[in-house]
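Biologist: Hello! Please take me through one part of this model in close detail, then show me what lies around that part.

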Amino acid sequence: MRKCIQAGGNFLTWRRLSSISKAVTPLAELSKNTRLCAAGLFLLTVMLFYPASGFQFLTYDDSAYVVHNKYVKQGLNEVTVRWAFTGPHHSMWHPLTSLSHLLDVEMFGLSPQAHHTVNILIHGVNAVVLYLWLLVVFRLPLRALIVAAIFAWHPLRVESVAWVAERKDVLCTLCWLLTLHAYTRYVRKPGKASYLLTLGSFALAVMAKPMSVTLPAVLLLLDGWPFKRLGAGFSAEGNALPIDRKLIFQRIVEKIPFFCLSLFLAVITVKAQQEGEVLKMMTDTTLADRVGNALVSYVRYLGLLLWPVNLAVLYPHPGRWPVGVEVAALAVLGGVSYLCWRFRRSQPWWLVAWIWFLITLLPVSGLIQAGGAALANRYSYISTIGLICAAVWTLAEWAAKQPETRRKPAGVTVFAVLMSCVVLTLAALPFWRDTETLFREALRVAKANSVAYMVLGEALLDKGKPEAAMVEVSHGIMQFPEDGRLHLLVGRILLELNRPDQALEALSNAAKFNAKLDEVDFHMARSLRRMGRAEEARALLVRYLEKQPDNSSAWNNLGGIQAEQRDIAGAEKSFRNALATDAALVEARKNLVRLLAVGGRSQEALKELQAGLKFAPDNADLWFQNGLLQEEAGDLARARGSFEMAAKLKPNWSLPKESLIWLLIQQPQISTKDARLSVMLLSELLNHYGAEVPLRVAELQACTAAANGRFDEAVEMAGKVRGAFQKNGDQQGVARVESQITAFRAKQRWLPGK
């Protein structure tokens, strides 16, 4: 520890920045020590965030981006790649991010561990790329390493790294930092190739996240310091340089293609968010309210950077801050701005860092209000880099001016900051392990949070805990009695509790408080169907689908009603519409297969099953249905494989095991191995049912005994089954068992049809 502190105490004994010609060092010339530092930084960063690799997907945004995204679930193909570039993605346009999700699914499926691990690895790379950029520009290795470590290990990074939906954050930052590298190369040696490389890197950042629109302004800022390409007074030696307006104009013209890309992205993003109603709060708040929240949010970001405790995934928008709070925030921002300007010559990094902070946060400051959050930890990912640099630079300058014996406080400070970051990050990570834990913490930090109540209720409902979900949502309604989304969730919970009449009342309240909630019609239709009012449910679904034609679940429900009403053609069309909207919707696939099979179209049903298994290879129901149809088609080998797969995927489900046993014991020639296997599977079934063995399993038990040569035992068992069928008045069952008894008495296995 002493060596670490001593090293930190001497971390700025190197000379100051000289000229840009000496400041920029090609990456190829990096020393062995630099490569070791980069590797160490990467490994330590990955190790710090490694616990996140075991976290689950969140129902909050992860569902929309990955888990329930009908395109992403398909992986990479022509259709999904076209969608990535042409369609809005959860009210945004970020094709590069969507392609990364598609690639993850293609390679790893819907494994949360893999998706989280990719986020962690990209974050580790970001730390290294930032370190190398600072090193290339300033040639101050320890400063660069400290800045990169604080950036990478700060608790504010947890949200961006541990949340799969924030892949856009880490990916955009990677492209952002690569753009800085390319631009540094262009500054060092201007040329068409390096310029196009910079523009290409920026285009990738644009396609990763809309927040990258501010990058051209940051490049212009860096032209002032450290690159000194504006001729303005940003000299580290304190020498005022004359302002060259012609040079400034040239730098602006140089970046026109960058600003055009930013404008393009801004237009697309606003359009996408308008279509997704993300900008709805713009109409619910005045410009004065939004300006006030922006001022307060800037100060809150500074507070979170300095004191990152009580972090939450969502900080609800207050609507309007007290005037005194807004005035205080304005005073803080004005004071910091004055100080940065005051020391612009002796410490130019503070002015650059402060403007970097203000500019990069501007799109998410709340002036253009998207969603109901006042601020978000993830927005600090890029915006705080400059402030971290400035703080380290200032401490280093102070240490350099002190006698060697008085430099230890600087080392102690650096060591304390790094260790605090590690400890606080490790403390913050566990809250992200699942949706319930995350939003319980959000409610603890910011209690007046209707969205947190809603997401927590949905998470509990998804876990099969409707009673617990009702408790949390009821607490939310007590605080927000006119929140239509909470009433909508109450309706869904009541449907899960099989109380459709009460669900209908709750859904009516949802429609009363928020007439724009189209989803109300869908769940009302579900309630009406449960209540036996199928025709009303059908009419509501038709009306809903006119407004929301891409809701695959609604098409599936409509198809179910049509099938019940014997509208076979209509049901088939609805099920196919559901699958055209979401090819991975298992319920719609099962319903279509069942409809085709009952209609005698077994080959078409098999074709649909094969398509369904491509999207859901772990679905036991599809494998079981496939086994039944393969058996019907006479392909016993494939039927057996399907039953075995269904039994493996769902060990406590009896039907696949029963079907597999029947298939084994009814083979024309049963092997000793298969006979023993049938006994083992039957034993598992009997253990599963205990004393309450269904008659079909008892009948199967008798036939299995005969298949294993125990005919007397089989006759006795079959006799008991026949008696039970007689008692129940099941004459068909009685006749079937009597034919079995006849075969058993003749020392033969029973084979249907013989």
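Modeller: Gladly! A crossing is called left-handed if the near helix is turned anticlockwise from the far one by less than a right angle, and right-handed if clockwise. Helix 25 passes helix 27 in just such a left-handed crossing. Helices here are DSSP runs of H or I with at least four residues, numbered from the N terminus. Please keep in mind that this is a predicted model, where local features need pLDDT of at least 70, side-chain atom pairs count only at pLDDT 80 or more, and totals for chains, interfaces and linings use all residues. Residues are numbered from 1 along each chain as its sequence is written, and side-chain values use heavy atoms, with hydrogens and water left out.

Back to our pair: helix 25 and helix 27 (residues 519-530) have axes 10 Å apart and pack at an angle of about 25°. Axes are lines fitted to C-alpha atoms over the stretch in contact, with angles from 0 to 180 degrees between N-to-C directions. The two helices are therefore roughly parallel to each other (angles under 35 degrees).

Just after helix 25 comes N498, in the loop between helix 25 (484-496) and helix 26 (500-513). N498 has a positive phi of about 60° although it is not a glycine. With a relative accessible area of 52%, N498 is exposed (over 50%, with a 1.4 Å probe and protein chains only; partly exposed runs from 20% up to that value).

R139 also has a positive phi, about 55°, and it is not a glycine either. Look for R139 in the loop between helix 7 (112-138) and helix 8. R139 counts as partly exposed, at 41% relative accessibility.

One more backbone feature is the cis peptide bond from W225 to P226, with omega near 15°. P226 is found in the loop between helix 12 (215-224) and helix 13 (245-254).

Finally, the second largest pocket holds about 600 Å³ of space. Of its 24 lining residues, I150, L305, L306, A391 and V417 are the closest to its centre. A pocket is an open set of points on a 1 Å grid where a 1.4 Å probe fits, with protein on both sides within 12 Å along at least five of seven lines; lining residues have an atom within 4 Å of a point. Its volume is the space filled by probe spheres set on the points. Helix 21 gives the most to this lining, with six residues.

Notes:
Angles under 35 degrees count as roughly parallel, over 145 as roughly antiparallel, 65 to 115 as roughly perpendicular and the rest as oblique.
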